[in-house]
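Walk through this model with the coordinates open. The route goes from charged pairs to strands, then to surface patches and unusual backbone angles.

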Amino acid sequence: MEVITYISKSPSQNTQKERLKRPFFLKFLKERRFSGQQAFHAESYSFRSADAGRNRSRAPASRDRKKILRLSILATACVILYIAFSLLFSHIAKAYDGRVRTVDFGDTQIQESVSLDKDGFDVSLSDEAFYDSEGNIVSSSGEMGAVMSEYVYKEPVSFTEYTVKAGDSISVISRNAGLSNISTLIAVNGIANVRYLREGQKLKIPSMDGLIHRVAAGETVEGLSVRYHTAVEDILDVNDLDSYALTLGQELFIPGARMDSTSLQRAMGEQFAWPITASYRITSRFGARKDPITGADSYHTGIDLACPTGTAVRASMSGTIAKAGWSNVFGNYVIIQHIDGYQTLYGHLSKIKTKKGAFVNQGDLIGLVGNTGYSTGPHLHFTVYKNGKLVNPATLLK
């Protein structure tokens, strides 16, 4: 008797072979079709079995959809976190970098400095006559300039007008006018910085050395005599006064009086003034320090003066506004171009009160204290550059 053996392949075995042959992207479809076939054959046995088959056919699809949804949510979250951390680290790196080295402000660098009119420098710096630390005119040979006689102070003062010419300087003009001290012309004409004398500028020239004083409340001739070390009779004679009575706001010429050395240095453009005249507190000095936000080692490029928002910020020295704008590090800021390659920067302002290209005298309002940019509280950040290199402001401020 011959025995014939039939080998029956289960659907699962067929599916396994087909799965090996079919591309991976079609396996999912095949699995779903096979699940449907299982459900179809199960119907011949019982209604309950059919329901079970249908449930089994739905389960893989449901699991796949949930898996895809979870992956999508995870991918979206990763993208959002990546963007957030990128922005955060970029901000920190940029701010930290600005504390370590000089920030490049483009056209405000020294080599691209705003024009200060070379003719102006030719006027103010070309000296055939010189002056000492007290403003006394000294010739190139070392001789003192003209000395006013006591008799001159007995005559009423008179004034003439002079037009500045190319090649002039404050000491040359003073000497040619018969004056012995440069502070006379500076004080009488209210010159904030002699470096910015210009050809064509009109000057008032007095007939003798001295200063103009505006009378304040309670002042007397006797008091002015003591203050300026000038005889009472000379003050009366030079101003052609008949009595000792003075009126508020009256202008008097004080013969022989001179500017104090600090005021003279400032007028000669040789001294920086503090940019804030109100009450302030130095919270960070120039040099190495811990970053106030990150705590990392850093280098502070200037000094920080803490004071209330809205406090007036003034030009530390006369000059031209080279830049007035916004920086991620300094917030609202102003840069002033000065003589001799100096620049000053005023950062974290709440408001800017000047504009690019404007000329400002020492002490002029340029902005208000704020808390803008990379800052932890209202304060002024003040930086000084000399030919593009950082300078400790404490060595210049008086």
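**Salt bridges and the strands they join**

Start with Glu219 and Arg227, whose side chains meet in a salt bridge at 3.4 Å, N to O. Glu219 is partly exposed, because its relative accessibility is 22%. The cut-off for buried is under 20%. Keep in mind throughout that this is a predicted model.

How many salt bridges does the count come to? The count is two. In one of them, Glu251 pairs with Arg214, and the closest N and O atoms are 2.8 Å apart. Glu251 sits in strand β6 and Arg214 in strand β5 (residues 210–214), so this pair ties together parts that are 37 residues apart in sequence. Side chains of opposite charge can pair when their charged atoms come close.

The backbone adds to this picture. Strands β5 and β6 pair in the antiparallel sense, over five bridges. Arg214 has Glu251 as its bridge partner in β6. These two residues are thus linked by a salt bridge and by strand pairing.

How covered is this region? Strand β6 is mostly covered, with four of its five residues buried. Glu251 itself counts as partly exposed, because its relative accessibility is 46%. Arg214 has a relative accessible area of 53%, so Arg214 is exposed. The cut-off for exposed is over 50%.

**A hairpin further along**

Move on to strands β8 (residues 287–290) and β9 (residues 297–300). They run antiparallel and are joined by four bridges. Which residue of β9 stands opposite Gly287? Look for His300. Six residues lie between the strands of this hairpin, and Gly295 takes a positive phi near 80°.

**Patches on the surface**

Now turn to the surface. Which residues gather in a patch of negative charge? They are Glu155, Glu233, Asp237, Asp240 and Asp242. Asp240 belongs to the loop between α8 (232–238) and β6 (251–255). Asp240 counts as exposed because its relative accessibility is 56%.

A patch of positive charge also lies on the surface. It gathers Arg63, Lys66, Lys67 and Arg70. Lys67 has its place in helix α3 (residues 47–100). With 47% relative accessibility, Lys67 counts as partly exposed.

Helix α3 also holds Tyr82. Together with Val79 and Ile83, Tyr82 makes a nonpolar surface patch of about 330 Å². Is Tyr82 buried or exposed? Tyr82 counts as exposed, because its relative accessibility is 61%. So helix α3 carries Lys67 of the positive patch and Tyr82 of the nonpolar one.

**Positive phi outside glycine**

Gly295 had a positive phi, near 80°. Two further residues call for a look at the backbone. Most residues other than glycine have a negative phi.

Where does His348 lie? Find it in strand β14 (residues 342–352). Its phi is near 70°, a positive value in a residue other than glycine. His348 is buried, because its relative accessible area is 0%. Pro378 is 30 residues away in sequence, yet the C-alpha atoms of His348 and Pro378 are 7.7 Å apart in space.

Asn387 is another case, with a positive phi near 55°. Asn387 is found in the loop between β17 (379–386) and β18 (389–391). With a relative accessible area of 49%, Asn387 is partly exposed. Compare the two settings: His348 is in a strand and buried, whereas Asn387 is in a loop and partly exposed.

**A buried residue in β17**

End in strand β17, where Phe382 lies. Is Phe382 buried or exposed? Phe382 counts as buried, because its relative accessibility is 0%. Its C-alpha atom is separated by 9.9 Å from that of Arg285, although the two residues are 97 residues apart along the chain.

Note on methods. Residues are numbered from 1 along each chain as its sequence is written. Side-chain values use heavy atoms; hydrogens and water are left out. Two strands pair if DSSP finds at least two bridges between them. Patches are made of residues with over 30% relative accessible area and no salt bridge: like charges are joined within 9 Å, nonpolar side chains (Val, Leu, Ile, Met, Phe, Trp, Tyr) within 5 Å. Accessible areas come from the Shrake-Rupley method with a 1.4 Å probe; for residues, only the protein chains shown count as cover. A salt bridge is a side-chain nitrogen of Lys or Arg within 4 Å of a carboxyl oxygen of Asp or Glu. Lys and Arg count as positive and Asp and Glu as negative; His and the chain ends are not counted. The place of a charge is taken as NZ of Lys, CZ of Arg, CG of Asp or CD of Glu. Buried means under 20% relative accessible area, exposed over 50%, partly exposed in between (1.4 Å probe, protein chains only).
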